[in-house]
Amino acid sequence: MSALTSAPQVKDALGLINYQSSLNGTIDFIEFILEQENLGQQYSRVILNENKDLIGVITIKDINNINKTCHIGTWIGHQYWGKGYNALVKSKILYTAFAELHLKYVFAGAKLSNIRSQKSQEKLPYVRIGVRAQFPDEHKKLESQVNEPCVLNVIEKGHF
């Protein structure tokens, strides 16, 4: 995982500092994920390819059981980009979000500077693009988390 996030293509897209992509930073990340999952705030899974090689991570986070919302995030090692993994893993975790966790809205954001992520989301047939005005609080939360201007999209249970 550390090797994948250390690649400049991934590291820069995620806005990671050197420590976060180091071995110790990766261990800290895994411990944080496990803690958040135990609290019911997050649901993360590794992404494996056909050979069972780790190629990325997908997460639903900021799970709000009252509003029935969460945010989704995915990163995939750059050598695996463009091979269809994103759509496949998103459909699996969205099934979990809607059928098992009974959420209604899954927000997908992207930094304005991350064109690749925006294009990847736009390819998904069930994503509604550009919902900033409809969900201003979610948009504000996203931008405050990443400290950059972002686009906000949503996947709704009824359209998935």
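Strands β1 and β2 form a hairpin in which five residues lie between the two strands, and K52, located in the turn, has a positive phi of about 70°. The model described here is predicted. Within the hairpin the two strands run antiparallel and are joined by six bridges, with V46 standing opposite V57 in β2.

The hairpin belongs to an open sheet of six strands, ordered β1-β2-β3-β4-β6-β5, whose pairing is mixed. Its edge strands, β1 and β5 (127-128), each pair on one side only. Strand β2 is also joined to β3, again in antiparallel fashion, by seven bridges; K61 has H71 in β3 as its bridge partner. The two antiparallel pairings involving β2 are set out below.

| Strand pair | Residues | Bridges |
|---|---|---|
| β1 and β2 | 43-48 and 54-64 | six bridges |
| β2 and β3 | β3: residues 69-76 | seven bridges |

Two helices are placed against this sheet. Helix α5 (residues 85-100) lies across β1, β2, β3, β4 (105-111) and β6 (150-156), and runs at about 155° to β3. Helix α6 (residues 115-122) packs on the sheet as well, where it touches β4, β5 and β6; the direction of α6 makes about 145° with that of β4.

A further feature concerns the surface. F29, I30 and L34 form a nonpolar patch there, with about 250 Å² of accessible area together. Of these residues, I30 lies in helix α4 (residues 23-38). I30 counts as partly exposed because its relative accessibility is 36%, a value in between the limits of 20% for buried and 50% for exposed residues.

How values were computed: Residues are numbered from 1 along each chain as its sequence is written. This is a predicted model: local features need pLDDT of at least 70, side-chain atom pairs count only at pLDDT 80 or more; totals for chains, interfaces and linings use all residues. Side-chain values use heavy atoms; hydrogens and water are left out. Two strands pair if DSSP finds at least two bridges between them. Helices (H or I, at least four residues) and strands (E, at least two) are DSSP runs, numbered from the N terminus. Contact means heavy atoms within 4.5 Å. Axes are lines fitted to C-alpha atoms, for helices over the stretch in contact, and angles run from 0 to 180 degrees between N-to-C directions. Patches are made of residues with over 30% relative accessible area and no salt bridge: like charges are joined within 9 Å, nonpolar side chains (Val, Leu, Ile, Met, Phe, Trp, Tyr) within 5 Å. Accessible areas come from the Shrake-Rupley method with a 1.4 Å probe; for residues, only the protein chains shown count as cover. A salt bridge is a side-chain nitrogen of Lys or Arg within 4 Å of a carboxyl oxygen of Asp or Glu. Buried means under 20% relative accessible area, exposed over 50%, partly exposed in between (1.4 Å probe, protein chains only).
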